Amino acid sequence: MKNRIFLYLAFGALLVVFISCTTKKNEISASEKIISEKIDSLLQLMNLEEKIGQLAQVNPEYNNTEILLEMIRKGKIGSVINAGDADFRKRLQQVAVKESRLGIPLIFGRDVIHGYRTVFPIPLAQSCSWNPELVKKAAQIAAFEASSDGIHWTFSPMLDIARDPRWGRIAESNGEDPYLGSQMAIAMVNGYQGDKLNNPHALAACAKHYVGYGAAEGGRDYNTTLIPEPELRNIYLPPFKAAVEAKVATVMSAFNDLNGIPATANEFTLRQILRTEWAFDGFVVSDWTSISELINHGYAADERDAALKAIQAGIDMEMVSTCYQDHLKELIQNGVINENLVNEAVRNILRIKFRKGLFDNPYTEKPDSNVFLMPAHLETAKELAIQSTVLLKNDNNILPLSENINKVALIGPLADAPLDQLGMWTPDGRPEEAVTPLTAIRQLIGNQRVIYAAGLEKSRSTDKSRFNNAIMAARQADACIMFIGEEQILSGEAHSRAFLNLPGAQEELVSAIAQTGKPLIIIIMAGRPLIFDKIENKAKAILYAWHGGTMAGPAIADLLFGKAIPSGKLSVSFPRTEGQIPVYYNHRNTGRPPSKENLGIPTGTPLDPVNYSSNYLDLDFTPAYPFGYGLSYTSFEYSPISLSKDTMSKNDTLIVKVTIRNTGKYAGTEVVQLYIRDLVGSITRPVKELKAFRRIALEPGQSKEIVFTLTQSDFAFYGKNMTYSAEPGQFMIWSGNSSDDKDLSGAIFYLTE
Ligand code: NOJ
């Protein structure tokens, strides 16, 4: 009887789940059906100029306002980028809705890259939190603040895989790994867009820069990229695919030339992969003037040709340049292209405008100032800055410092540099709203215990006239905390560097302070991995805090004095020197892999007289700090991993277990990482690939068992002939707290058909 009741209950529950799933599905398709009908009827009413108008995105800074209003009135503009403030946006929208013939609303786009008025850490830092939930929350807050100000659409997340720290835009990326990058992509898209795009506090997201932009040769921005298809599919595309699966509303085409065809005119990536293989049904916007730049690439003869190639490739909206506005009509009238190409682009754009609810709800009133920087926003910004910071070194557990320390000297050009700590791409962040480390540490331990001397005016400064003040400050203190790194303008778009050392006279400043003999703690604030080997040994501890945003100061203060425990892990490998770049953990093995035993100039052995291996003569081949690395104030011990079976057939699952114990004296959070290696493939495979991770909080002495479940999709890749499958054979599986062999424990297993 009992069993029967249980069966009924289980059946009933299943039925409810089934009905609610199908109802939900039907509801979704019903609303989509209505949208598609609305698009059909609207399209019928539109003349060709109005259709082409929907494809235009303009920047008001380049246009006289009266001319702009007139263009909107005539239905010649579909979107506005960087449209002043909420009042101005409302004014433009009123003209579009009330004065244009068909009343189609504008969509307002803006670069809300890592926050709006509340600025979160740069995306590269955020990815070091390995905390997608928190990253999602930050994106939600950014969406709330920006949408309150009348913005509908953010040009974020940036999903370019970045293996080259010379590239200034590495700051905007989630680092070097496709799996971590995909998790961050999903988190950000879900955070911005929420459950329903038509929620007034959601932003339409934009997966950019599609695709390959991060592989710019020499790390020089906008430079050519050459990416073989397997590498494109296995490394560069996954975060975009994840964003499309998370229903990202828009995609931005990249500036770069990809294998000879610029990304903005690339039918293979835009039509074949994005539309046909992934069934993306949002719209594609070009990057800023990237359509007219097809001429510079040598891919289009003139703007007419550029318009032709971009529309054929599948770019729906043109950002800022006017090739579409100036040439599409003639191209259609002369029969060079079919009007259906334009209709298709208009449909894609209108679909997002309808989904975003702009027809029902086109206006946003000027917000109260209290919607920005709310206490909960600042709290999240601080927490994310804490979790993004990576402890690289902590000799003799010098950190955390005691709050009872008598006097600390805060030295360095970034201790009190509010603009710099906000980082690149913060058009709406205000330096006066940022809390610097100097302010936060004074608040935490009391003004009288803090002596401050910048030492250098800026990170780039070479004038040493302030060194003496800094040295005097150091002499009076029990410990020196130095804030060095890179100022804001040294990273970001078009801000690549050939040398990655600490700029200006910062190394000399560190040496001068170190000579005082006072214990030295270094905080590095930067937009990229820097090379700081010359001063590394002078510091007892190094915290890599990146550009941490509005609340960088309080986050750093809490970390220094033990109110928070570091848990960040690098999302990108740190090179020892520029000559190693690119250095990344998921490289291939080569036929003559390097080894630590063979460093230096090979003198050989009797068996191998020359040591022909893939080493440098003059430097270790490994990175300064590996992907996944980051210390805590406490310590964690890993058990060997255990596998549920050593042979698994493709339709089976593999359970991997590992137990982690907090062996130190602080409660802390560990990021448990799982890597695999496919030992033999139809194409050569990386020596390691991240496949899962988990953040776990452990009290001192506490242990937890982590269970990872792997299925064949975790072993699948695009192999020979571009087939996507898990290939049977031998695999290594490891777990640990960095990608470095010495931090991992592994086991072998076999995958069978
Ligand atoms: C150019 C940048 O590449 C892109 O990321 C940004 O969204 C647009 N400009 C708009 O500002």
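Guide: Welcome! Two strands pair if DSSP finds at least two bridges between them, and strands are DSSP runs of E with at least two residues, numbered from the N terminus. This is a predicted model, where local features need pLDDT of at least 70, side-chain atom pairs count only at pLDDT 80 or more, and totals for chains, interfaces and linings use all residues. Residues are numbered from 1 along each chain as its sequence is written, and side-chain values use heavy atoms, with hydrogens and water left out.

Visitor: How do you know that strand 2 and strand 3 pair?

Guide: Strand 2 (residues 79–81) and strand 3 (residues 107–110) run parallel and are joined by 3 bridges; at least two are required, so they pair. Val 80 stands opposite Phe 108 in strand 3.

Visitor: What is the strand order of the open sheet?

Guide: Its 5 strands follow the order 4-3-2-1-10, with parallel pairing.

Visitor: What makes strand 4 and strand 10 edge strands?

Guide: Strand 4 (153–154) and strand 10 (318–319) each pair on one side only.

Visitor: Why is the approach of Arg 169 to the ligand called a polar contact?

Guide: A polar contact is a pair of N or O atoms within 3.5 Å (within protein, one must be able to donate a hydrogen and the other to accept it, and residues adjacent in sequence count only if both atoms are side-chain atoms). A polar side-chain atom of Arg 169 lies 2.6 Å from a ligand oxygen atom, so the pair qualifies. For Lys 208, the distance from a side-chain N or O atom to a ligand oxygen is 2.7 Å, and for Asp 287 it is 2.5 Å.

Technical notes: Helices (H or I, at least four residues) and strands (E, at least two) are DSSP runs, numbered from the N terminus.
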